[in-house]
Amino acid sequence: PVLGENIAPTNTNYFRDKFSIPNESKIFLYIGILGKGRGIELILNTFINNQDLSSHIVFLGYGELKNYLTETSKNYKNIHVHDAVSHAEVVSIAKSADIGLCLIENISLSDYYCLPNKLFEYSMAGLPVIVSNMKEMRELVEKYDMGIVVTDDKIESMNNAIDKILQSDIKQMKQNARRCAEENSWEKQEVKMINEYKRVLNGK
């Protein structure tokens, strides 16, 4: 991630105003491609089966499942679909949510070792996260104590993860997420990369 204007304060009530979400409800956010292999069905079914309205889900993006999600959302007051936005707007808009979702289905080694951009976008927005049990995502989340790892792709496990994060110190997790963004920003990584180039060029 690159720190900068996306870190500046923004309208933290954006989603609440747009979708008439009560202040006391927590907003979960999915950012990215609305397609297969990204846990969309698991997220959707979890919130379909949780109708107490204390938790809302916002899907933000585009893809083959968008029309299906949009039609489904018409029948549930806690499910919402937002059009895709420009990359420059993602972090600012994400700040109006409470918790980010980053679920990947373990179909290949590439999936197992993935570290999606959206995970860093959530951290730049200061959002705690719920992530799949993939090696790199799990290690990052556990290192910074910035969220919960879902044990498998069952609705019960997803519900347990939601309950667990809602019972956690979300304020502290938000701070931890911001620290993750700062420590892994391009400004910090640039220095490491330049030093490594110097070391190689100097034969050390």
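How many nonpolar, polar and charged residues does the lining of the second largest pocket have? In this predicted model, that lining has 5 nonpolar, 5 polar and 3 charged residues. The pocket itself has a volume of about 250 Å³. It is lined by 13 residues, and those nearest its centre are I104, E105, S132, D152 and D153.

A helpful next stop is the largest pocket, with a volume of about 350 Å³. Its lining is made up of 17 residues, and I31, G32, I33, V90 and E121 are the closest to the centre. Two strands and two helices each give two or more residues to this lining: strand 1 (26–33) and strand 2 (55–62), together with helix 4 (87–94) and helix 6 (117–124). Sorted by class, the lining of the largest pocket has 9 nonpolar residues, alongside 5 polar and 3 charged ones.

Attention can now turn to a pair of strands. Strand 5 (residues 129–132) and strand 6 (residues 147–150) run parallel and are joined by 4 bridges. Within this pairing, V131 stands opposite V149 in strand 6. To get from strand 5 to strand 6, the chain passes through helix 7 (residues 135–144), and the resulting β-α-β crossover is right-handed. Strand 5, which spans residues 129–132, also offers a link back to the opening question, as S132 is among the residues nearest the centre of the second largest pocket.

Technical notes. Residues are numbered from 1 along each chain as its sequence is written. This is a predicted model: local features need pLDDT of at least 70, side-chain atom pairs count only at pLDDT 80 or more; totals for chains, interfaces and linings use all residues. Side-chain values use heavy atoms; hydrogens and water are left out. On a 1 Å grid over the protein atoms alone, a cavity is a set of points where a 1.4 Å probe fits but cannot get out, and a pocket is an open set with protein on both sides within 12 Å along at least five of seven lines; lining residues have an atom within 4 Å of a point. Grid points are joined across faces, edges and corners, and a volume is the space filled by probe spheres set on the points. Ala, Val, Leu, Ile, Met, Phe, Trp, Tyr, Cys and Pro count as nonpolar, Asp, Glu, Lys and Arg as charged, and the others, Gly among them, as polar. Two strands pair if DSSP finds at least two bridges between them. A crossover is right-handed if, with the strands pointing away from the viewer, the path from the first strand over the helix to the second runs clockwise.
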